[in-house]
There are 2 protein chains.
Amino acid sequence: MKIDLQNRDAAREIQALQDTIYVIGGKWKLPIINSICNGNKRFREIERSIPGITTRMLSRELKEMEMNKLIIRKVTPTSPVLVEYESTEYCRTFSPVIIAMIEWGLAHREKIREG
Amino acid sequence: MKIDLQNRDAAREIQALQDTIYVIGGKWKLPIINSICNGNKRFREIERSIPGITTRMLSRELKEMEMNKLIIRKVTPTSPVLVEYESTEYCRTFSPVIIAMIEWGLAHREKIREG
DNA sequence: TGAACTGGTATACTCTGTGATACTGGTAAC
DNA sequence: GTTACCAGTATCACAGAGTATACCAGTTCA
């Protein structure tokens, strides 16, 4: 078994890529992050901002993302309770990824419209 | 029902984001694109370059990606046949996304190593 | 008084992406 | 002559991602 020194960077990079996919994988995490980073704080507000998401999926993802320190859930004990979600610094590190993906999506629609 | 003019950009952006996720969603498409763009051409070569992928998944994804014009499959009718995969121009438009994700992954490992 | 909002939970279901294992026919090297 | 490479295909099976629908307690609006 040979160790290919030339390929060590490629190996590190593909590992990095797979790490990232692992963390933000699935249909909803990036849209939710994007929504919260765009200033949406309330549960129904986030829900309405993401076409196709169900209450259940949003609820589940928010819980998981809170556990993973991607967001903070703030509760004001008024009646009824006021719940607000906020992004963390860590969450905002995904901005370059999200921006790249939004740009790809916009260019792609443009292309389809043209062609 | 009110139409919120302020949110039209946000709506377009989240749609673009969801489009992109739709196209490159799943665990394997981006790693495969990355591998091929890095110069891997042969089936087993690509397979070896992506930790964890199975022959079956690679085979399926390559087929789908060929149908979607993301890659080209070139067959040289030697015996046994020589098969080579190449990226298309369209495929390469994902570079910014892949780069952003690799950078996130590298920074993330760095952070974990430190903390 | 009833409708609509809030922030979710409960239950039941689908389904497909993914994994594990084995196999094929041909070639080449030890 | 057996092992290993190539480029895959075939079969089976499963977890869990995602969907659909209904529901709750409390509040505000008309």
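## Exercises: DNA strand D and the aromatic pairs

A phosphate oxygen of DNA strand D is 2.8 Å from an N or O atom in the side chain of B:Tyr85. That is a polar contact (a pair of N or O atoms within 3.5 Å; within protein, one must be able to donate a hydrogen and the other to accept it, and residues adjacent in sequence count only if both atoms are side-chain atoms).

This is a predicted model: local features need pLDDT of at least 70, side-chain atom pairs count only at pLDDT 80 or more, and totals for chains, interfaces and linings use all residues. Residues are numbered from 1 along each chain as its sequence is written, chains are lettered from A and ligands numbered from 1 in the order in which they are written, and side-chain values use heavy atoms, without hydrogens and water.

**Exercise 1.** Find further side chains of chain B with an N or O atom by a phosphate oxygen of DNA strand D.

*Solution.* Step 1: take B:Arg42. An N or O atom of its side chain is 2.7 Å from a phosphate oxygen of the strand. Step 2: take B:Lys63. Here a polar side-chain atom lies 3.2 Å from a phosphate oxygen.

**Exercise 2.** Describe the protein surface near DNA strand D.

*Solution.* Step 1: count. The strand is surrounded by 19 residues; a residue is near if one of its heavy atoms lies within 4 Å. A:Arg56 and B:Arg73 are among the closest. Step 2: look at the strand's side. Sugar and phosphate make up 60% of the atoms of DNA strand D within 4 Å of the protein. Step 3: sort the residues. Six are nonpolar (Ala, Val, Leu, Ile, Met, Phe, Trp, Tyr, Cys, Pro), nine charged (Asp, Glu, Lys, Arg) and four polar (the others, Gly among them). Step 4: find the top contributor. α4(B) gives the most, with four residues. Helices (H or I, at least four residues) and strands (E, at least two) are DSSP runs, numbered from the N terminus.

**Exercise 3.** Classify the ring pair of A:Tyr90 and B:Trp104.

*Solution.* Step 1: recall the rule. Rings of Phe, Tyr and Trp (its six-membered ring) pair if their centres lie within 6.5 Å; planes under 30 degrees apart count as stacked, over 60 as edge-to-face and the rest as tilted. Step 2: apply it. The centres are 6.2 Å apart and the planes at 35°, so the pair is tilted. Step 3: place it. The pair crosses between chains, from helix α5 of chain A to helix α6 of chain B. Step 4: check burial (under 20% relative accessible area; exposed is over 50%, partly exposed in between; 1.4 Å probe, protein chains only). B:Trp104 is buried at 6%.
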